[in-house]
Amino acid sequence: MRSDPAPHRIPITGELDLHTFRPEDLGELIPAYLEECRARGLSTVRIIHGKGTGTLRTTTHALLGRSPLVREFHLGNESSGSWGATVVTLHHS
């Protein structure tokens with residue numbers, strides 16, 4: 001009998017680096033992280049997906065586009081990660 005590992009605790013800082021997570025976990029991870037950020041009064045979140053092949057960026061943008069928590073999102077600029085990161089603005093609660 002195999003037991004599942006304990007949940008991974010993520011600090012809620014307004015910055016989420018996806019490099020340490022499995023792509024199949026993003027569907028639960030990103031919405032839960034955004035909800036926690038909003039609950040803590042954070043209105044802007046930076047999600048680091050990297051430049052790579054664009055798979056994480058595409059998945060991230062699809063999830064953000066469907067989220068009722070998200071007011072808008074765009075790729076980062078020179079100081080916020082360029083096209084390796086996405087900056088998300090959340091709706092106020």
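**Exercise 1.** How many salt bridges does the count come to? Identify the residues that are linked in a network of salt bridges.

*Solution.* The model is predicted. The criterion is a side-chain nitrogen of Lys or Arg within 4 Å of a carboxyl oxygen of Asp or Glu. By this rule, the count is five salt bridges.

Step 1. R22 and E24 form one of these, with an N to O distance of 3.5 Å.
Step 2. R22 also meets D25, at 3.1 Å from N to O.
Step 3. R22, E24 and D25 are accordingly linked in a network.
Step 4. A further salt bridge pairs R40 with E36, whose closest N and O atoms lie 3.4 Å apart.

**Exercise 2.** Classify R22, E24, D25, R40 and E36 as buried, partly exposed or exposed.

*Solution.* Buried means under 20% relative accessible area and exposed means over 50%, with partly exposed in between.

Step 1. In the network, R22 has 49% and is partly exposed; E24, at 57%, is exposed; D25, at 28%, is partly exposed.
Step 2. In the other pair, R40 has 54% and is exposed, while E36, at 35%, is partly exposed.

**Exercise 3.** Describe the fold of the chain and assess its compactness against the globule rule.

*Solution.* Step 1. The chain contains two helices and four strands, in the order β-α-β-α-β-β from the N terminus.
Step 2. The radius of gyration is 13 Å, close to the 12 Å that the globule rule gives for 93 residues, so the chain is as compact as a globular protein of that length.
Step 3. Buried residues account for 33% of the 93 residues.
Step 4. Of the contacts between residues at least 6 apart in sequence, 54% join residues at least 24 apart.

Key
Residues numbered from 1 in each chain as written. Predicted model: local features only at pLDDT ≥ 70, side-chain atom pairs only at ≥ 80, totals over all residues. Heavy atoms only, no water. Rg over C-alpha atoms; globule rule 2.2 N^0.38 Å. Buried < 20%, exposed > 50% of the residue type's maximum accessible area, 1.4 Å probe, protein only. Contact = heavy atoms within 4.5 Å.
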